[in-house]
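Here's a quick tour of a few spots worth a look. Have the sequence and the model open as you read.

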Amino acid sequence: KEMYQNWRSAVKEKDFEKKPKKKVGLIITVVVLVLVALIVAGGFVYLKFFNNKPQKIFEKAISKAFEMTEKTAKNEGKLDIELSASLNSTSQDMMMANTYLQMIKLNLTTEFNMDKKVLNQGISVSAFDEPVISVEGLIQDNNIYFLLNNIYSKYIQVPSEEMEGVEPNEIFNTENIEVSEKLVKELKQILLDEVNSKELTQENVEVDGDKLTKTTVKFTAKEIEQIITKLTVELYKISPVNDVKNIVEGLEQIEIDEEDAENDNYLEISIYTKRLTGKIVKTEIVMINVADDEAIVVTIAEKEDEKVEITFSIATNKAVTMFTLTIKEEGENKGTVTLKANIDEAASSVTITAKYSIDYNAKVEPKNVRNSINANDLTEKDMNEMMTNIENNKFLYSIIQSLSTTRLMEKAEENAKRYEEEQIEREQLQEELLNTELTENI
């Protein structure tokens with residue numbers, strides 16, 4: 001019995017010791033959870049304040065807009081572009097035209113080496129998966145050459161007298177690139193300074209079910225004029241090219257009507273961002289013409305899958321979309337650009353698609369132009385060679401014949417119309433003379 005009582009006392013003492021420890025542990029847990037909650041809440045408030053601060057939003061947008069221009073220019077590389085087009089319409093004629101249009105592809109290839117001063121621009125057209133014509137334009141050794149693939153076997157050099165005042169190697173002038181880079185930096189800084197000096201407005205909005213923050217800045221016509229003047233002054237300062245300075249001096253001589261500068265027209269830029277992260281979802285640029293009650297609206301929306309959609313609209317009584325440009329990147333140096341333009345009120349549209357790829361690892365060397373011929377030295381034999389090869393290209397020859405026939409018919413119609421108009425004028429003149437004689441006789 002005594003042993004049992006001793007055991008009970010020991011158990012009670014242990015329970016007594018454990019209870020305070022459990023209580024302390026619970027308190028510590030609660031404190032930690034409160035601290036975590038405070039940190040999360042503080043982080044939320046910080047992110048919301050920092051990411052959605054009006055000036056910060058515009059600084060981010062401006063920096064993003066200039067990202068491409070701030071990348072280091074490459075000295076060598078190759079750019080390939082494949083162009084295609086289609087028509088969308090209920091018109092039978094346009095539907096027929098679309099059938100043929102979809103069969104045509106235009107390929108552009110640009111190769112450049114800034115150090116060796118070589119630029120080669122290739123243009124090729126194919127139809128029904130068959131080559132139609134391929135032409136290359138080459139700038140090399142401060143000369144311009146053309147190569148008509150499968151039509152003439154030699155490079156044709158453009159005569160120097162035809163290039164009076166043109167310096168082909170000017171395209172490789174690094175000073176021009178440096179001027180462009182400086183001008184872009186100045187433009188970026190001018191825009192940043194202007195935004196920081198303005199009073200911006202913010203409001204919470206809902207767009208397509210997304211809760212966003214809309215940040216807006218407004219520029220009057222006078223303020224836009226001042227921005228252009230600042231940029232013009234900077235261009236004058238940094239440009240080594242006399243032609244640019246002459247243009248700037250000419251702009252300074254233009255007298256701006258005070259009424260135009262002080263009108264009620266304005267430019268409004270709105271940026272839509274996610275409320276928490278501050279991620280830019282859409283940018284809207286609205287140019288308001290108060291007198292004509294008209295607005296030009298440019299919308300830049302970031303879609304999923306690295307896609308950007310730019311829409312250009314004109315609004316009077318209702319908004320009419322003129323064209324939409326969609327840019328979809330597939331990696332850093334590859335992508336697709338699509339331009340869709342409305343061409344009439346019946347919702348007919350034309351779509352132009354450009355698939356591009358850039359290869360900065362491509363090696364570009366000078367072309368072998370030793371057997372080139374000056375355009376002035378082309379002989380009758382050379383012309384016959386070209387004509388024979390064109391005739392052997394059935395598709396190209398049929399196009400040339402069609403164009404020639406069409407032009408002859410147009411010329412004949414023009415002559416017939418002019419003859420008819422002259423005939424009417426002669427008849428009117430004879431009638432006037434006859435009336436004059438009758439009047440004198442009376």
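E167, E170, E175, E178 and E181 together make a negative surface patch. For a patch, residues need over 30% relative accessible area and no salt bridge, with like charges joined within 9 Å; a salt bridge would be a side-chain nitrogen of Lys or Arg within 4 Å of a carboxyl oxygen of Asp or Glu. Asp and Glu count as negative, and the place of a Glu charge is taken as CD. Areas come from the Shrake-Rupley method with a 1.4 Å probe.

Keep in mind that this is a predicted model, where local features need pLDDT of at least 70, side-chain atom pairs count only at pLDDT 80 or more, and totals for chains, interfaces and linings use all residues. Residues are numbered from 1 along each chain as its sequence is written, and side-chain values use heavy atoms, with hydrogens and water left out.

Next, some loop residues. Helices (H or I, at least four residues) and strands (E, at least two) are DSSP runs numbered from the N terminus. Buried means under 20% relative accessible area, exposed over 50%, and partly exposed in between.

| Residue | Loop between | Relative accessible area |
|---|---|---|
| E167 | strand 6 (156–157) and helix 4 (174–197) | 47%, partly exposed |
| K117 | strand 2 (104–113) and strand 3 (118–127) | 35%, partly exposed |
| N142 | strand 4 (130–140) and strand 5 (143–149) | 25%, partly exposed |

K117 isn't a glycine, yet its phi is positive, about 55 degrees. N142, also not a glycine, has a positive phi near 60 degrees.

Finally, T213 sits in strand 8 (residues 210–220) and is buried, at 4% relative accessibility. Its side chain makes a polar contact of 3.4 Å with that of N204 (N or O atoms within 3.5 Å, one able to donate a hydrogen and the other to accept it).

Notes. Patch = residues over 30% accessible without salt bridge, like charges linked within 9 Å, V, L, I, M, F, W, Y side chains within 5 Å. Buried < 20%, exposed > 50% of the residue type's maximum accessible area, 1.4 Å probe, protein only.
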